[in-house]
Amino acid sequence: CSRERAEGCPRPRRSGSGSSWRGPAGCVPVVGCHDALSAKLIEQAGFEVIYFSGFGAAASRGMPDLGLATYSEMAAWGGECVDATSLPVIGDGDGGYGGVLNVR
């Protein structure tokens with residue numbers, strides 16, 4: 001959801017403890033990171049889960065989202081995010097791993 005309230009997508013509210021976000025019916029918003037710093041900032045903001053995006057990781061490094069990142073790059077970038085925080089990280093590293101030339 002964007003900062004503005006979209007239809008059917010209420011803005012999450014902080015719980016009484018002030019440290020976790022909760023949406024409707026106990027849903028937990030997941031915020032995307034693209035590197036270790038963004039993972040740390042998400043944790044410091046009080047969110048409970050982080051989403052590592054292959055698109056975000058590639059774009060933050062000036063690469064188009066065309067599957068040019070290799071498997072080892074995606075694993076390393078995602079690993080840096082995991083190492084930077086104690087939160088669970090959902091990894092979406094479907095980068096394509098070098099493009100069609102790597103498909104056999």
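A crossing of two helices is left-handed if the near helix is turned anticlockwise from the far one by less than a right angle, and right-handed if clockwise. Keep that rule ready for the second stop.

This is a predicted model, in which local features need pLDDT of at least 70, side-chain atom pairs count only at pLDDT 80 or more, and totals for chains, interfaces and linings use all residues. Residues are numbered from 1 along each chain as its sequence is written, and side-chain values use heavy atoms, with hydrogens and water left out.

**Stop 1: the whole chain**

Colour by secondary structure. The protein chain holds 3 helices and 5 strands. Both kinds are DSSP runs numbered from the N terminus: helices are H or I with at least four residues, strands are E with at least two. Read from the N terminus, the order is β-β-β-α-β-α-α-β.

Switch on the surface. About 6,700 Å² of the protein chain is exposed, and carbon and sulfur atoms supply 57% of that area. Accessible areas here come from the Shrake-Rupley method with a 1.4 Å probe; for residues, only the protein chains shown count as cover. Of the 104 residues, 27% are buried. Buried means under 20% relative accessible area, exposed over 50%, and partly exposed in between (1.4 Å probe, protein chains only).

Now contacts, meaning heavy atoms within 4.5 Å. Take those between residues at least 6 apart in sequence: 52% of them join residues at least 24 apart.

**Stop 2: H1 against H3**

Select residues 36-44, helix H1, and residues 71-84, helix H3. Two packed helices are described by the angle between their axes and the distance between the axes. Here the axes come within 8 Å and cross at roughly 35°. The axes are lines fitted to C-alpha atoms, for helices over the stretch in contact, and angles run from 0 to 180 degrees between N-to-C directions. Which hand does the crossing of H1 and H3 have? H1 passes H3 in a right-handed crossing. Show the side chains: Ala36, Ala39, Lys40 and Glu43 of H1 meet Glu80, Cys81 and Ala84 of H3.

**Stop 3: the cysteines**

How many disulfides does the count give? A disulfide is a pair of cysteine sulfur atoms within 2.5 Å, and the count is 0. Centre on Cys81: its nearest cysteine sulfur, that of Cys33, is 3.6 Å away, and Cys81 is in no disulfide. Cys81 is buried, at 0% relative accessibility. Cys27 is partly exposed, at 44%.

**Stop 4: Trp77 and Met63**

Stay on H3 and select Trp77. Is Trp77 buried or exposed? Trp77 counts as buried because its relative accessibility is 11%. Leave out residues up to four places away in sequence, and Trp77 touches Phe52, Ala57, Ala58, Arg61, Met63 and Ala69. Measure C-alpha to C-alpha from Trp77 to Gly54: 9.1 Å in space, 23 residues in sequence.

Step across to Met63, in the loop between helix H2 (54-60) and H3. Met63 is partly exposed, with a relative accessible area of 22%. Beyond its neighbours within four places in sequence, Met63 contacts Ala58, Leu68, Ala69 and Trp77.

**Stop 5: Glu73**

Glu73 also belongs to helix H3. Its relative accessibility of 30% makes Glu73 partly exposed. Look for a polar contact, a pair of N or O atoms within 3.5 Å; within protein, one must be able to donate a hydrogen and the other to accept it, and residues adjacent in sequence count only if both atoms are side-chain atoms. A polar atom of the Glu73 side chain lies 2.8 Å from the backbone nitrogen of Thr70. From Glu73 to Ala57, 16 residues apart along the chain, the C-alpha separation is 9.6 Å.

**Stop 6: strands E3 and E4**

Select strand E3, residues 31-33, and pick Gly32. Gly32 is partly exposed, at 43% relative accessible area. Aside from neighbours within four places in sequence, Gly32 contacts Ile42 and Tyr51. The C-alpha atoms of Gly32 and Phe52 are 5.7 Å apart, with their positions 20 residues apart along the chain.

Finish on Ser53, in strand E4 (residues 50-53). Ser53 is buried, at 14% relative accessibility. The Ser53 side chain reaches the backbone nitrogen of Phe55 at 3.3 Å. Not counting residues up to four places away in sequence, Ser53 touches Cys33 and Asp92.
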